[in-house]
Amino acid sequence: MAQETSRDVGPIVLLGPPGAGKGTQAKRIMEHYSVPQISTGDLLRYNVAQGTELGQAAKAVMARGELVSDDLVCTMVRERLKQPDCKRGYILDGFPRTAAQAGWLDALLDSKLFDNSRPTRAWPIVIRLDVDYNQLLLRITGRRSCPTCGRIYNVHFQPPRTDEACDSDGSKLVTRNDDRLEVIQPRLAAYQEQTRPVADYYQRTGRLVSVNGDLPVDDVTDQIYRVIEDHHA
Ligand code: AMP
């Protein structure tokens, strides 16, 4: 499919448990439509690494695999959405994660006061990636990323050519702190308890589209493009 770089895409929300492939798919959508990927997990990890006030508040919570408070995350997202690169649209990856965050996002998009509201006021396209539980565990425990370019690998399904080194720049691949087995269970539990209501929230308003995330990665991408195109048809 040709690259689509000019028209408004609006907000796209990617839902799904950790390991569902949100990050991988978000990067593809970002390149295809030239809209930024906004990953709240990445933004929080950046703040932790920089030792900002927000990072200090979030660090311990994240290390336990629990959710950072709605207040902190929503403030961070609002600041990010004000940036000019969000004018044509953006992909939210890992947000909203609670029903309160989903309600907050709707209110923000509906608010005439929001700087970037005009081109992106359409309701978000909400896509949920559905993945089998055992598949999720393999994806999370096998996940490695390049600390230099951000490329994501999986030692089971998409290993690098050379053991533990990035194909693009040779950096030593790293395992995320919260991808350790003992942290995965609480993360999946947090998803079940707090993020399911987000899907329910969007389902109730008829906006949830489910995509089969068990399929090969290119097929999942094709399904997502189709959802976006249908939305704008
Ligand atoms: P992720 O990279 O999306 O799996 O997020 C990693 C961690 O960041 C999560 O386990 C939470 O501790 C925190 N986090 C990311 N996004 C949110 C959010 N929308 N609300 C609360 N906490 C979040």
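**Entry 1: the loop before α5**

I began with P96, which I found in the loop between β3 (89-93) and α5. I kept in mind from the outset that this is a predicted model. Looking at the backbone there, I noted that the peptide bond leading from F95 to P96 is cis, with omega near -5°. I flagged this because most peptide bonds are trans.

**Entry 2: another backbone value**

Next I looked up S34, which sits in the loop between α1 (22-33) and β2 (37-39). Its phi is near 55°, and I marked the value as positive in a residue that is not glycine. I wrote it down because most residues other than glycine have a negative phi.

**Entry 3: the ligand**

I then turned to the ligand and asked which residues are closest to it. The ligand is surrounded by 16 residues, and the closest are T40, E66, G94, R97 and R187. For G94, I recorded a polar backbone atom 2.9 Å from a nitrogen atom of the ligand. For R97, the entry concerns the side chain, where a polar atom lies 2.9 Å from an oxygen atom of the ligand. I also noted R176, whose side chain has an N or O atom 3.2 Å from an oxygen atom of the ligand.

**Entry 4: α2 against α3**

I moved on to helix α2 (residues 40-50) and helix α3 (residues 53-63), whose axes are 8 Å apart and which pack at an angle of about 110°. The two helices are therefore roughly perpendicular to each other, and I noted their crossing as left-handed. On the α2 side, the contact is made by G41, L44, R45, N47 and V48, while α3 brings L54, G55, A58, K59 and M62. Sorting these residues by class, I have five nonpolar, three polar and two charged.

**Entry 5: α4 against α5**

My last look was at helix α4 (residues 70-81) and helix α5 (residues 99-110), with axes 11 Å apart and a packing angle of about 30°. Because angles under 35 degrees count as roughly parallel, I entered α4 as roughly parallel to α5. The crossing in which α4 passes α5 is right-handed. From α4, the residues in the contact are D70, V73, C74, V77, R78 and L81, and from α5 they are A100, Q101, W104, L105 and L108. How do the residues of this contact of α4 with α5 divide into nonpolar, polar and charged? I entered eight as nonpolar, one as polar and two as charged.

Notes:
Residues numbered from 1 in each chain as written. Predicted model: local features only at pLDDT ≥ 70, side-chain atom pairs only at ≥ 80, totals over all residues. Heavy atoms only, no water. Axes fitted to C-alpha atoms, helices over the stretch in contact; angles between N-to-C directions. Helix = DSSP H or I, 4+ residues; strand = E, 2+ residues; numbered from the N terminus. Parallel < 35°, antiparallel > 145°, perpendicular 65-115°, else oblique. Left-handed = near helix turned anticlockwise from the far one by under 90°. Contact = heavy atoms within 4.5 Å. Nonpolar A, V, L, I, M, F, W, Y, C, P; charged D, E, K, R; others polar. Near = heavy atom within 4 Å. Polar contact = N/O pair within 3.5 Å; in protein donor to acceptor, adjacent residues only side chain to side chain.
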